[in-house]
Structures are given as structure tokens and as C-alpha cells.
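Good morning, colleagues. I should like to take you through one structure today, beginning with the chain as a whole and then turning to two of its residues.

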Amino acid sequence: MALDETTRQVNKRAVNALDEANYRLGEANFHVLRAVQPLEGLSKYTNAHDPALEELRAVAARIGAAREDVARRLRAEDEGQ
């Protein structure tokens, strides 16, 4: 019985940690996409900053992939409760 309680406690901590990570990744994605917007507007006039724009887009894609992974793990932990 004590082992079962410990498992529940660990599961609750995992859910809380994944939930927090999901929230923070959402915030990060929002801010990166906000950084992309001005550079996209600048691309109409010059392509000198396109490498930075592409890097920001890559960061946004990586954050999106991480967020999907965290959300998938969160769903799995929620089902395990």
C-alpha cells in the first residue's frame, strides 16, 4: 500500500511538472513568433536579416515539437492517475 501511495505522489509531481513545462513552452512559442513578425516585415525591403529570420522560425518549430511531446506525455500521465 505504501508503494502505491508513492507511485501516486510521483505521478502527481510528473503531471504538475509536465503541465508547467507545457505552459512555459506555450509562452516561449508566443514570444518567438512575436520576434519573427518584425523580421518578416523587414524581408520586403532587404534579405540581409533572413538568416536570423530562418533561425527564429527553426526555434519556433523546435519549441512546437517539444510542446507536442510534452502534451503527449501529459496525456499519458493523466491517463495513469
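How far apart are the mean positions of the positive and negative charges of the protein chain? The distance is 2 Å, taken over 12 positive and 14 negative charges. Please bear in mind throughout that this is a predicted model.

Let me turn to the overall architecture. The protein chain contains 2 helices and 0 strands. Its radius of gyration is 19 Å, whereas the globule rule gives 12 Å for 81 residues; the former is well over the latter, so the chain is more spread out than a compact globule. The C-alpha trace tells us about the extent in each direction: along the principal axes of the chain, it spans about 65 × 15 × 15 Å.

As to the surface, the protein chain exposes about 6,200 Å², and carbon and sulfur atoms supply 55% of that area. Of the 81 residues, 20% are buried.

The contacts in sequence terms come next. Considering contacts in the protein chain with a separation of 6 or more, 70% are made by residues 24 or more positions apart.

I now come to the first residue, Asn22. Asn22 has its place in helix H1, which comprises residues 2-42. Is Asn22 buried or exposed? Its relative accessible area is 17%, and buried means under 20%, so Asn22 counts as buried. Once residues up to four places away in sequence are set aside, Asn22 touches Arg67, Val70 and Ala71. With Arg67 there is also a polar contact, in which the two side chains are joined at 3.4 Å.

The second residue is Arg57, which is found in helix H2, residues 50-80. Its relative accessibility is 35%; because this value lies between the limits of 20% for buried and 50% for exposed, Arg57 is classed as partly exposed.

Which residues does Arg57 contact, leaving aside neighbours within four places in sequence? They are Val36 and Glu40. For Arg57 and Val36, the C-alpha to C-alpha distance is 7.1 Å, although 21 residues separate them in sequence. Arg57 also has a polar contact, side chain to side chain, with Glu54, at 2.8 Å.

To summarise the two residues: Asn22 of helix H1 has a side-chain polar contact with Arg67, while Arg57 of helix H2 has one with Glu54. Thank you for your attention.

Conventions
Residues numbered from 1 in each chain as written. Predicted model: local features only at pLDDT ≥ 70, side-chain atom pairs only at ≥ 80, totals over all residues. Heavy atoms only, no water. Helix = DSSP H or I, 4+ residues; strand = E, 2+ residues; numbered from the N terminus. Rg over C-alpha atoms; globule rule 2.2 N^0.38 Å. Buried < 20%, exposed > 50% of the residue type's maximum accessible area, 1.4 Å probe, protein only. Contact = heavy atoms within 4.5 Å. Areas by Shrake-Rupley, 256 points an atom, 1.4 Å probe, with all protein chains shown as cover. Lys, Arg positive; Asp, Glu negative; His and termini not counted. Charge placed at Lys NZ, Arg CZ, Asp CG, Glu CD. Polar contact = N/O pair within 3.5 Å; in protein donor to acceptor, adjacent residues only side chain to side chain.
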